[in-house]
Amino acid sequence: MVKVVKFGGSSLASAGQFKKAGEIIHADAKRKYVIPSAPGKRHAKDTKVTDMLYACYELAEAGGEIKPGLRKIRARYNEIINGLKLPLNLDDEFKVIEENFEKKAGRDYAASRGEYLNGIIMANYLGYEFIDAGEVIRFDSSGEFDADTTNRILKERLKKTERAVIPGFYGTKPDGSVKTFSRGGSDITGSIVAKACRADLYENWTDVSGFLVADPRIIENPKGIKVITYRELRELSYMGATVLHEDAIFPVRTEGIPINIKNTNAPEDPGTFIVESTCQKPEYTITGIAGKKGFVAVNIEKDMMNSEIGFGRKVLAAFEENEISFEHVPSGIDTFTVFVHQEEFEGKEQSVLSAIHRLAEPDSIELEADLALIAVVGRGMRSTRGTAGRIFSALAHSNVNVRMIDQGSSELNVIIGVGNDDFDIAIKAIYDIFVETQL
(Lines give C-alpha, C1' and ligand atoms only; values in the text may rest on other atoms or scores of the structure.)
Protein backbone atom coordinates (compact mmCIF):
# COMPACT_ATOMS: atom_id res chain seq x y z
CA MET A 1 0.00 0.00 0.00
CA VAL A 2 1.20 3.51 -0.89
CA LYS A 3 0.01 6.79 0.56
CA VAL A 4 0.80 10.24 -0.81
CA VAL A 5 0.71 12.96 1.85
CA LYS A 6 0.47 16.69 1.28
CA PHE A 7 1.00 19.23 4.06
CA GLY A 8 -0.39 22.75 3.82
CA GLY A 9 1.35 25.98 4.75
CA SER A 10 -0.06 26.17 8.28
CA SER A 11 1.17 22.60 8.87
CA LEU A 12 4.75 23.62 8.00
CA ALA A 13 4.88 27.21 9.28
CA SER A 14 7.42 26.51 12.05
CA ALA A 15 9.82 23.91 13.39
CA GLY A 16 7.13 22.76 15.83
CA GLN A 17 4.69 22.15 12.98
CA PHE A 18 7.42 20.37 10.97
CA LYS A 19 7.93 18.00 13.89
CA LYS A 20 4.20 17.19 13.96
CA ALA A 21 4.31 16.46 10.22
CA GLY A 22 7.40 14.29 10.66
CA GLU A 23 5.74 12.27 13.41
CA ILE A 24 2.69 11.72 11.21
CA ILE A 25 4.82 10.55 8.25
CA HIS A 26 7.02 8.23 10.33
CA ALA A 27 3.97 6.76 12.11
CA ASP A 28 2.95 4.98 8.90
CA ALA A 29 5.53 3.33 6.61
CA LYS A 30 3.00 3.51 3.77
CA ARG A 31 3.40 7.33 3.63
CA LYS A 32 6.07 7.27 0.94
CA TYR A 33 5.69 10.49 -1.07
CA VAL A 34 5.42 13.89 0.60
CA ILE A 35 4.27 17.16 -1.00
CA PRO A 36 5.03 20.26 1.10
CA SER A 37 3.60 23.76 0.73
CA ALA A 38 5.54 26.92 1.55
CA PRO A 39 5.53 28.02 5.21
CA GLY A 40 2.26 29.70 6.11
CA LYS A 41 1.39 32.02 8.97
CA ARG A 42 2.72 31.21 12.44
CA HIS A 43 0.13 33.52 14.01
CA ALA A 44 -2.68 35.83 12.87
CA LYS A 45 -0.45 38.86 12.21
CA ASP A 46 2.27 36.87 10.43
CA THR A 47 2.92 36.87 6.66
CA LYS A 48 2.99 33.77 4.46
CA VAL A 49 6.36 33.13 2.81
CA THR A 50 4.72 33.09 -0.64
CA ASP A 51 3.44 36.63 -0.05
CA MET A 52 6.90 37.69 1.14
CA LEU A 53 8.40 36.31 -2.07
CA TYR A 54 5.83 38.12 -4.22
CA ALA A 55 6.56 41.41 -2.44
CA CYS A 56 10.31 40.95 -2.81
CA TYR A 57 10.02 40.18 -6.50
CA GLU A 58 7.84 43.24 -7.11
CA LEU A 59 10.66 45.29 -5.63
CA ALA A 60 13.12 43.61 -8.00
CA GLU A 61 10.90 44.44 -10.98
CA ALA A 62 10.74 48.06 -9.84
CA GLY A 63 14.53 48.21 -9.50
CA GLY A 64 14.43 48.35 -5.69
CA GLU A 65 16.73 46.83 -3.09
CA ILE A 66 15.75 43.19 -2.48
CA LYS A 67 18.46 42.08 -0.03
CA PRO A 68 16.52 43.09 3.15
CA GLY A 69 13.43 41.20 1.94
CA LEU A 70 15.43 38.09 1.10
CA ARG A 71 17.11 38.24 4.51
CA LYS A 72 13.70 38.14 6.20
CA ILE A 73 12.68 35.15 4.11
CA ARG A 74 15.98 33.39 4.83
CA ALA A 75 15.42 34.05 8.55
CA ARG A 76 12.06 32.25 8.36
CA TYR A 77 13.73 29.16 6.91
CA ASN A 78 16.72 29.34 9.27
CA GLU A 79 14.31 29.42 12.20
CA ILE A 80 12.84 26.13 10.99
CA ILE A 81 16.25 24.58 10.23
CA ASN A 82 17.66 25.56 13.63
CA GLY A 83 14.52 24.40 15.43
CA LEU A 84 14.90 20.99 13.77
CA LYS A 85 18.66 20.97 14.49
CA LEU A 86 19.48 20.16 10.86
CA PRO A 87 23.02 20.44 9.42
CA LEU A 88 21.63 22.38 6.47
CA ASN A 89 22.61 25.72 4.92
CA LEU A 90 20.50 27.45 2.25
CA ASP A 91 22.93 30.30 1.50
CA ASP A 92 23.78 28.97 -1.98
CA GLU A 93 20.09 28.57 -2.80
CA PHE A 94 19.41 32.18 -1.79
CA LYS A 95 22.31 33.40 -3.96
CA VAL A 96 20.69 31.73 -6.98
CA ILE A 97 17.29 33.18 -6.05
CA GLU A 98 18.74 36.68 -5.73
CA GLU A 99 20.42 36.38 -9.13
CA ASN A 100 17.22 35.16 -10.76
CA PHE A 101 15.17 37.93 -9.14
CA GLU A 102 17.60 40.47 -10.57
CA LYS A 103 17.33 38.79 -13.98
CA LYS A 104 13.51 39.13 -13.72
CA ALA A 105 12.89 35.39 -13.87
CA GLY A 106 9.14 35.93 -13.36
CA ARG A 107 6.49 36.03 -10.63
CA ASP A 108 5.86 32.31 -10.97
CA TYR A 109 9.53 31.56 -10.33
CA ALA A 110 9.48 33.85 -7.29
CA ALA A 111 6.37 32.26 -5.79
CA SER A 112 7.60 28.71 -6.39
CA ARG A 113 10.71 29.15 -4.26
CA GLY A 114 8.65 28.89 -1.08
CA GLU A 115 7.71 25.27 -1.81
CA TYR A 116 11.12 24.50 -3.32
CA LEU A 117 13.04 25.54 -0.19
CA ASN A 118 10.56 23.88 2.16
CA GLY A 119 10.91 20.71 0.10
CA ILE A 120 14.68 20.73 0.61
CA ILE A 121 14.22 21.11 4.37
CA MET A 122 11.57 18.39 4.53
CA ALA A 123 13.69 15.94 2.54
CA ASN A 124 16.66 16.55 4.86
CA TYR A 125 14.48 16.21 7.94
CA LEU A 126 12.88 12.93 6.83
CA GLY A 127 15.93 11.44 5.12
CA TYR A 128 13.93 11.15 1.87
CA GLU A 129 15.09 11.86 -1.67
CA PHE A 130 14.35 15.38 -2.93
CA ILE A 131 12.75 15.61 -6.39
CA ASP A 132 12.49 19.14 -7.79
CA ALA A 133 8.94 19.52 -9.12
CA GLY A 134 10.43 21.39 -12.09
CA GLU A 135 11.91 18.09 -13.28
CA VAL A 136 8.65 16.12 -13.25
CA ILE A 137 5.64 18.51 -13.44
CA ARG A 138 5.22 19.86 -16.97
CA PHE A 139 3.24 22.67 -18.56
CA ASP A 140 2.97 23.31 -22.30
CA SER A 141 4.29 26.45 -24.02
CA SER A 142 0.99 28.28 -23.46
CA GLY A 143 1.11 27.58 -19.72
CA GLU A 144 -1.52 24.83 -19.61
CA PHE A 145 -0.79 21.80 -17.44
CA ASP A 146 0.45 18.88 -19.57
CA ALA A 147 -1.12 15.92 -17.78
CA ASP A 148 0.07 13.16 -20.13
CA THR A 149 3.71 14.22 -20.24
CA THR A 150 3.78 14.79 -16.49
CA ASN A 151 2.25 11.40 -15.74
CA ARG A 152 4.76 9.61 -18.00
CA ILE A 153 7.82 11.40 -16.55
CA LEU A 154 6.67 11.19 -12.95
CA LYS A 155 5.68 7.52 -13.19
CA GLU A 156 9.15 6.58 -14.45
CA ARG A 157 10.88 8.66 -11.78
CA LEU A 158 8.85 7.26 -8.90
CA LYS A 159 9.49 3.67 -10.04
CA LYS A 160 13.13 4.28 -9.13
CA THR A 161 12.39 6.14 -5.89
CA GLU A 162 11.20 4.40 -2.75
CA ARG A 163 10.50 7.57 -0.74
CA ALA A 164 10.62 11.18 -1.90
CA VAL A 165 9.67 14.78 -1.17
CA ILE A 166 8.26 16.66 -4.17
CA PRO A 167 7.45 20.37 -3.64
CA GLY A 168 3.94 21.43 -4.53
CA PHE A 169 2.53 24.32 -6.59
CA TYR A 170 4.88 24.48 -9.60
CA GLY A 171 6.43 22.83 -12.64
CA THR A 172 8.20 23.97 -15.81
CA LYS A 173 7.34 24.87 -19.39
CA PRO A 174 9.28 23.47 -22.41
CA ASP A 175 11.69 26.43 -22.30
CA GLY A 176 12.59 25.62 -18.70
CA SER A 177 10.78 28.59 -17.18
CA VAL A 178 8.81 27.97 -13.99
CA LYS A 179 5.01 27.90 -14.10
CA THR A 180 2.78 27.68 -11.05
CA PHE A 181 -0.74 26.44 -10.51
CA SER A 182 -3.20 28.92 -8.99
CA ARG A 183 -2.93 29.60 -5.25
CA GLY A 184 -3.50 26.43 -3.27
CA GLY A 185 -1.96 24.44 -6.12
CA SER A 186 0.07 22.17 -3.87
CA ASP A 187 -3.18 20.20 -3.49
CA ILE A 188 -3.06 19.61 -7.25
CA THR A 189 0.57 18.43 -7.13
CA GLY A 190 -0.33 15.89 -4.46
CA SER A 191 -3.15 14.59 -6.62
CA ILE A 192 -0.87 14.33 -9.66
CA VAL A 193 1.73 12.37 -7.67
CA ALA A 194 -0.98 10.07 -6.27
CA LYS A 195 -2.14 9.29 -9.80
CA ALA A 196 1.40 8.66 -11.10
CA CYS A 197 2.28 6.16 -8.37
CA ARG A 198 -1.26 4.71 -8.28
CA ALA A 199 -1.52 5.43 -4.58
CA ASP A 200 -4.10 3.67 -2.46
CA LEU A 201 -4.85 6.91 -0.61
CA TYR A 202 -4.03 10.62 -0.92
CA GLU A 203 -3.89 12.28 2.49
CA ASN A 204 -4.20 16.05 2.51
CA TRP A 205 -3.08 17.44 5.87
CA THR A 206 -4.24 20.91 6.84
CA ASP A 207 -5.36 22.86 9.93
CA VAL A 208 -8.98 21.63 9.99
CA SER A 209 -10.44 18.17 10.57
CA GLY A 210 -12.05 17.83 7.17
CA PHE A 211 -15.04 19.51 5.56
CA LEU A 212 -17.90 21.00 7.55
CA VAL A 213 -21.56 21.00 6.57
CA ALA A 214 -21.54 24.83 6.60
CA ASP A 215 -19.20 27.79 7.02
CA PRO A 216 -18.17 28.07 10.71
CA ARG A 217 -18.15 31.86 10.32
CA ILE A 218 -21.92 31.64 9.84
CA ILE A 219 -22.88 28.50 11.80
CA GLU A 220 -21.44 28.02 15.28
CA ASN A 221 -19.71 24.62 15.54
CA PRO A 222 -21.19 23.08 12.38
CA LYS A 223 -21.20 19.30 12.01
CA GLY A 224 -18.37 17.62 10.11
CA ILE A 225 -18.75 15.64 6.88
CA LYS A 226 -17.46 12.07 7.21
CA VAL A 227 -17.74 11.00 3.56
CA ILE A 228 -18.31 13.15 0.47
CA THR A 229 -18.26 12.21 -3.21
CA TYR A 230 -16.12 13.93 -5.84
CA ARG A 231 -19.25 15.36 -7.46
CA GLU A 232 -20.60 16.76 -4.20
CA LEU A 233 -17.23 18.31 -3.45
CA ARG A 234 -17.06 19.91 -6.89
CA GLU A 235 -20.42 21.56 -6.30
CA LEU A 236 -19.43 22.85 -2.85
CA SER A 237 -15.94 23.97 -3.93
CA TYR A 238 -17.38 25.87 -6.87
CA MET A 239 -19.66 27.76 -4.50
CA GLY A 240 -16.94 28.74 -2.07
CA ALA A 241 -15.89 25.78 0.11
CA THR A 242 -12.09 26.09 0.17
CA VAL A 243 -10.51 23.30 2.24
CA LEU A 244 -9.19 21.64 -0.96
CA HIS A 245 -8.31 23.16 -4.34
CA GLU A 246 -11.17 22.07 -6.61
CA ASP A 247 -8.79 21.08 -9.46
CA ALA A 248 -7.11 18.55 -7.15
CA ILE A 249 -10.03 16.20 -7.70
CA PHE A 250 -9.50 15.42 -11.39
CA PRO A 251 -6.20 13.42 -11.40
CA VAL A 252 -7.27 11.06 -8.61
CA ARG A 253 -10.85 10.78 -9.81
CA THR A 254 -9.75 9.09 -13.02
CA GLU A 255 -7.91 6.46 -10.96
CA GLY A 256 -10.54 6.01 -8.25
CA ILE A 257 -8.10 7.12 -5.53
CA PRO A 258 -9.82 8.42 -2.36
CA ILE A 259 -8.67 11.61 -0.63
CA ASN A 260 -8.60 11.95 3.14
CA ILE A 261 -8.60 15.50 4.54
CA LYS A 262 -6.82 15.37 7.91
CA ASN A 263 -5.78 17.79 10.65
CA THR A 264 -2.04 18.04 11.40
CA ASN A 265 -2.86 19.40 14.86
CA ALA A 266 -5.35 16.61 15.62
CA PRO A 267 -4.12 13.56 13.66
CA GLU A 268 -6.42 11.22 15.60
CA ASP A 269 -9.50 12.88 14.05
CA PRO A 270 -10.89 10.80 11.15
CA GLY A 271 -11.31 13.84 8.90
CA THR A 272 -13.30 13.68 5.67
CA PHE A 273 -13.02 10.97 3.01
CA ILE A 274 -13.57 12.11 -0.57
CA VAL A 275 -14.58 9.18 -2.77
CA GLU A 276 -15.89 8.49 -6.26
CA SER A 277 -19.03 6.80 -5.02
CA THR A 278 -20.30 5.22 -1.82
CA CYS A 279 -23.19 3.10 -0.60
CA GLN A 280 -22.87 4.69 2.84
CA LYS A 281 -25.96 6.73 3.64
CA PRO A 282 -25.19 10.33 4.57
CA GLU A 283 -25.89 11.30 8.16
CA TYR A 284 -28.22 14.05 6.96
CA THR A 285 -30.33 14.56 3.83
CA ILE A 286 -27.84 17.20 2.72
CA THR A 287 -24.08 16.85 2.63
CA GLY A 288 -23.19 20.52 2.74
CA ILE A 289 -24.20 24.14 2.19
CA ALA A 290 -22.00 26.75 0.51
CA GLY A 291 -22.55 30.03 -1.27
CA LYS A 292 -21.27 33.31 -2.64
CA LYS A 293 -22.45 36.89 -2.59
CA GLY A 294 -22.25 39.50 -5.32
CA PHE A 295 -24.39 38.47 -8.29
CA VAL A 296 -26.64 40.28 -10.73
CA ALA A 297 -29.75 38.76 -12.30
CA VAL A 298 -30.36 39.90 -15.87
CA ASN A 299 -34.08 39.23 -16.40
CA ILE A 300 -35.15 39.11 -20.06
CA GLU A 301 -38.78 38.94 -21.19
CA LYS A 302 -40.21 38.24 -24.62
CA ASP A 303 -43.64 37.00 -25.64
CA MET A 304 -43.57 33.57 -27.30
CA MET A 305 -39.92 33.15 -26.41
CA ASN A 306 -40.42 29.41 -25.99
CA SER A 307 -41.29 29.00 -29.68
CA GLU A 308 -38.32 31.03 -30.96
CA ILE A 309 -35.51 28.67 -31.91
CA GLY A 310 -32.09 29.84 -30.76
CA PHE A 311 -33.31 32.57 -28.36
CA GLY A 312 -31.14 31.36 -25.46
CA ARG A 313 -28.08 31.13 -27.68
CA LYS A 314 -28.59 34.71 -28.88
CA VAL A 315 -28.84 36.03 -25.31
CA LEU A 316 -25.76 34.16 -24.12
CA ALA A 317 -23.84 35.35 -27.19
CA ALA A 318 -24.20 38.89 -25.82
CA PHE A 319 -22.34 37.85 -22.68
CA GLU A 320 -19.74 35.95 -24.69
CA GLU A 321 -19.09 39.04 -26.83
CA ASN A 322 -18.25 40.93 -23.64
CA GLU A 323 -16.16 38.09 -22.17
CA ILE A 324 -18.50 37.54 -19.23
CA SER A 325 -19.19 34.02 -17.95
CA PHE A 326 -22.58 33.17 -16.49
CA GLU A 327 -23.40 31.15 -13.38
CA HIS A 328 -27.01 30.00 -13.79
CA VAL A 329 -29.74 30.39 -16.40
CA PRO A 330 -33.20 29.64 -14.98
CA SER A 331 -36.03 30.22 -17.49
CA GLY A 332 -39.80 30.24 -17.92
CA ILE A 333 -42.14 30.28 -20.92
CA ASP A 334 -41.62 33.98 -21.65
CA THR A 335 -38.71 34.76 -19.30
CA PHE A 336 -35.00 34.03 -19.35
CA THR A 337 -32.67 35.02 -16.49
CA VAL A 338 -28.89 35.06 -16.53
CA PHE A 339 -26.97 35.23 -13.23
CA VAL A 340 -23.49 36.80 -13.51
CA HIS A 341 -20.84 38.11 -11.09
CA GLN A 342 -21.71 41.70 -10.28
CA GLU A 343 -18.09 42.85 -10.13
CA GLU A 344 -17.44 41.44 -13.61
CA PHE A 345 -20.70 42.77 -15.05
CA GLU A 346 -20.92 46.34 -13.74
CA GLY A 347 -18.30 47.87 -16.02
CA LYS A 348 -19.82 46.27 -19.10
CA GLU A 349 -23.53 46.34 -18.29
CA GLN A 350 -24.63 48.82 -21.00
CA SER A 351 -22.59 47.03 -23.63
CA VAL A 352 -24.23 43.72 -22.65
CA LEU A 353 -27.75 45.16 -22.65
CA SER A 354 -27.17 46.72 -26.05
CA ALA A 355 -25.94 43.39 -27.42
CA ILE A 356 -28.97 41.52 -26.03
CA HIS A 357 -31.33 44.01 -27.70
CA ARG A 358 -29.43 43.73 -30.96
CA LEU A 359 -29.17 39.93 -31.00
CA ALA A 360 -32.37 38.73 -29.31
CA GLU A 361 -34.82 41.67 -29.61
CA PRO A 362 -36.47 41.16 -26.20
CA ASP A 363 -39.59 43.02 -25.02
CA SER A 364 -37.85 44.17 -21.84
CA ILE A 365 -34.74 43.70 -19.70
CA GLU A 366 -34.51 44.29 -15.94
CA LEU A 367 -31.45 44.09 -13.70
CA GLU A 368 -31.50 42.94 -10.09
CA ALA A 369 -28.24 43.47 -8.21
CA ASP A 370 -26.78 42.51 -4.81
CA LEU A 371 -27.86 38.89 -4.92
CA ALA A 372 -26.29 35.77 -3.39
CA LEU A 373 -26.36 32.17 -4.59
CA ILE A 374 -26.49 29.29 -2.13
CA ALA A 375 -25.86 25.66 -3.10
CA VAL A 376 -27.52 22.93 -1.03
CA VAL A 377 -25.69 19.74 -2.00
CA GLY A 378 -26.24 16.11 -1.11
CA ARG A 379 -26.55 12.66 -2.62
CA GLY A 380 -29.22 11.97 0.01
CA MET A 381 -31.61 14.37 -1.73
CA ARG A 382 -32.17 11.86 -4.54
CA SER A 383 -33.98 9.44 -2.27
CA THR A 384 -35.74 12.04 -0.10
CA ARG A 385 -39.03 13.57 -1.13
CA GLY A 386 -39.86 17.22 -0.56
CA THR A 387 -36.32 18.60 -0.21
CA ALA A 388 -37.12 21.78 -2.16
CA GLY A 389 -40.33 22.20 -0.20
CA ARG A 390 -38.47 22.01 3.11
CA ILE A 391 -35.98 24.62 1.86
CA PHE A 392 -38.84 26.97 0.89
CA SER A 393 -40.55 26.37 4.23
CA ALA A 394 -37.39 27.09 6.22
CA LEU A 395 -36.65 30.27 4.28
CA ALA A 396 -40.24 31.51 4.50
CA HIS A 397 -40.23 30.92 8.27
CA SER A 398 -37.09 33.12 8.45
CA ASN A 399 -38.68 35.82 6.27
CA VAL A 400 -36.18 35.29 3.46
CA ASN A 401 -37.41 36.22 0.00
CA VAL A 402 -36.30 33.61 -2.57
CA ARG A 403 -35.38 35.25 -5.89
CA MET A 404 -34.50 32.03 -7.73
CA ILE A 405 -34.42 28.28 -7.25
CA ASP A 406 -32.77 25.90 -9.70
CA GLN A 407 -32.36 22.13 -9.27
CA GLY A 408 -29.87 20.21 -11.36
CA SER A 409 -31.05 17.18 -13.34
CA SER A 410 -28.78 14.95 -11.23
CA GLU A 411 -30.82 15.90 -8.13
CA LEU A 412 -27.49 16.38 -6.39
CA ASN A 413 -27.87 20.08 -5.71
CA VAL A 414 -30.37 22.89 -5.38
CA ILE A 415 -29.27 26.47 -6.07
CA ILE A 416 -31.16 29.26 -4.29
CA GLY A 417 -30.90 32.96 -5.07
CA VAL A 418 -31.46 35.43 -2.22
CA GLY A 419 -30.49 39.00 -1.45
CA ASN A 420 -26.97 39.60 -0.13
CA ASP A 421 -28.47 40.83 3.16
CA ASP A 422 -30.33 37.53 3.61
CA PHE A 423 -27.29 35.33 2.90
CA ASP A 424 -26.35 34.39 6.48
CA ILE A 425 -29.99 34.10 7.60
CA ALA A 426 -30.77 31.75 4.70
CA ILE A 427 -27.81 29.46 5.42
CA LYS A 428 -28.75 29.29 9.11
CA ALA A 429 -32.34 28.44 8.23
CA ILE A 430 -31.34 25.66 5.81
CA TYR A 431 -28.78 24.25 8.24
CA ASP A 432 -31.33 24.24 11.05
CA ILE A 433 -34.06 22.43 9.09
CA PHE A 434 -31.77 19.68 7.73
CA VAL A 435 -29.15 19.24 10.46
CA GLU A 436 -30.33 20.55 13.80
CA THR A 437 -33.97 19.44 13.62
CA GLN A 438 -33.64 16.69 10.94
CA LEU A 439 -37.38 16.74 10.35
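Which side chain does the side chain of Thr287 make a polar contact with? Keep that one in mind while you look around; the points below start with the answer. One thing up front: this is a predicted model.

1. **Thr287 and its partner.** The contact runs to the side chain of Glu232, at 2.6 Å. To find Thr287, go to the loop between strand S10 (272–275) and strand S11 (288–301). Although Thr287 sits in a loop, this residue is buried, with a relative accessible area of 5%.

2. **Helix H5, end to end.** H5 covers residues 107–126, and its end C-alpha atoms are 30 Å apart. For 20 residues at 1.5 Å each, a span of 28 Å is expected, so the two values agree. Even so, have a look at Arg113, where H5 bends by about 30°.

3. **Surroundings of H5.** Is this helix out in the open or enclosed? Of its 20 residues, 16 are buried, so H5 is largely enclosed by the rest of the structure. Just after the helix comes Gly127, and its phi is positive, near 80°.

4. **Charges over rings.** Arg113 turns up again here: besides marking the bend in H5, Arg113 lies over the face of Tyr170, 5.3 Å from the ring centre. There is another case to look at in Lys179, which lies over the face of Phe139 at 5.6 Å from the ring centre.

5. **Aromatic pairs.** The count of aromatic pairs comes to ten. Take Phe311 and Phe336: their ring centres are 6.2 Å apart and the planes stand at 85°, which is over the 60 degrees needed, so this pair is edge-to-face. Phe311 belongs to helix H11 (residues 311–321) and Phe336 to strand S13 (residues 335–341), so the pair ties together parts that are 25 residues apart in sequence. Both Phe311 and Phe336 are buried.

6. **An aromatic cluster.** Tyr57, Phe101 and Tyr109 come together as one aromatic cluster. Tyr109 falls within the residue range of H5, 107–126, so you can pick out the cluster while you're still looking at that helix.

7. **Cysteines.** How many disulfides does the structure hold? The number is zero. Two cysteines are still worth a glance. Cys56 has 3% relative accessibility and so counts as buried. Cys197 has a relative accessible area of 18%, which is under the 20% cut-off, so this cysteine is buried too.

Key:
Residues are numbered from 1 along each chain as its sequence is written. This is a predicted model: local features need pLDDT of at least 70, side-chain atom pairs count only at pLDDT 80 or more; totals for chains, interfaces and linings use all residues. Side-chain values use heavy atoms; hydrogens and water are left out. Rings of Phe, Tyr and Trp (its six-membered ring) pair if their centres lie within 6.5 Å; planes under 30 degrees apart count as stacked, over 60 as edge-to-face and the rest as tilted. Helices (H or I, at least four residues) and strands (E, at least two) are DSSP runs, numbered from the N terminus. Buried means under 20% relative accessible area, exposed over 50%, partly exposed in between (1.4 Å probe, protein chains only). A charge sits over a ring if NZ of Lys or CZ of Arg is within 6 Å of the ring centre and within 35 degrees of the ring normal. A disulfide is a pair of cysteine sulfur atoms within 2.5 Å. The expected span of a helix is 1.5 Å times one less than its number of residues. The bend at a residue is the angle between axes fitted to the seven residues ending there and the seven starting there. A polar contact is a pair of N or O atoms within 3.5 Å; within protein, one must be able to donate a hydrogen and the other to accept it, and residues adjacent in sequence count only if both atoms are side-chain atoms.
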